[in-house]
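Subject: Structure handover

Hello,

Here is the structure we talked about. Please open it alongside this note. The findings follow below.

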Amino acid sequence: VGQLAGGVAHDFNNFLAGIMGFADLLQYTEHLSEVQKKYVSKIITAAENASNLTKKLLAFSRRGTQSNSVVDCLKIIKDTVDILQRTLDKSITIKIHNNAPKTTTMGDESLLQNALMNIGINASHAMPNGGTLIFTLENLTLDKNYCESSPFDIKPGFFLEISVQDTGLGMEPET
């Protein structure tokens, strides 16, 4: 899906470049009425919005080595929700609850967005008649006792938790 999204986004971006270029030239044409100037402005705005969506699709499609840098998880969630709202059934409401004063952490932006996108798509399959998908950010501090009892190799400290919840059908108990 990522490779397909990247290919489509790349081709679409080429079309947008032509639209934006011609609209930009058109806006500087003499003797345009105010209504025509308004229409040209709307074309440019729509093309810029489409270009922003294309950039998000390209980011989603990126493959390669994992990078570890400072990422703003709230921004990644907002970008992911933007794509999901355009993709999922309109009967699914998507919400973001940001309860975290600090929303940055170290990680790979592309991998996190891919994971959140996959979770969102899977959640939508569990809500065939609509529902709600909620992304929540929380800051928390893990102490030594918690970390020692965890099956994961984590150190005590300050963390950012991202949770995803949906109102879907759920799984069978045996699953």
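Why does Lys37 count as partly exposed? Its relative accessibility is 38%, so Lys37 falls in that class. The cut-offs are these: buried is under 20% relative accessible area, exposed is over 50%, and partly exposed is in between, with a 1.4 Å probe and protein chains only.

Before the rest, some ground rules. This is a predicted model, in which local features need pLDDT of at least 70 and side-chain atom pairs count only at pLDDT 80 or more, while totals for chains, interfaces and linings use all residues. Residues are numbered from 1 along each chain as its sequence is written, and side-chain values use heavy atoms, with hydrogens and water left out.

Back to Lys37. It sits in helix H2, residues 34–61. Helices (H or I, at least four residues) and strands (E, at least two) are DSSP runs, numbered from the N terminus. From Lys37 to Gln27 the C-alpha distance is 6.4 Å, with their positions 10 residues apart in sequence.

Next, the sheet. It is open, with three strands in the order E2-E4-E5 and mixed pairing. Two strands pair if DSSP finds at least two bridges between them. Strands E2 (92–98) and E5 (157–166) are the edges, each pairing on one side only. From one strand to the next, the twist averages 15 degrees.

The pairings in detail:
- E2 and E4 are parallel, over seven bridges. Ile94 has Leu133 in E4 as its bridge partner.
- E4 (residues 131–142) and E5 are antiparallel, over 10 bridges. Asn139 is bridged to Leu160 in E5, and Ile134 to Gln165 in E5.

Two helices go with this sheet. Helix H3 (residues 73–87) lies across E2, E4 and E5 and runs at about 175 degrees to E2. Helix H4 (residues 109–125) packs on the sheet and touches E2, E4 and E5. The direction of H4 makes about 30 degrees with that of E5. Contact means heavy atoms within 4.5 Å. Axes are lines fitted to C-alpha atoms, for helices over the stretch in contact, and angles run from 0 to 180 degrees between N-to-C directions.

Last, helix H1 (residues 2–27), which holds Phe12. Phe12 counts as partly exposed because its relative accessibility is 39%.

Please look at these spots in the viewer.

Best wishes
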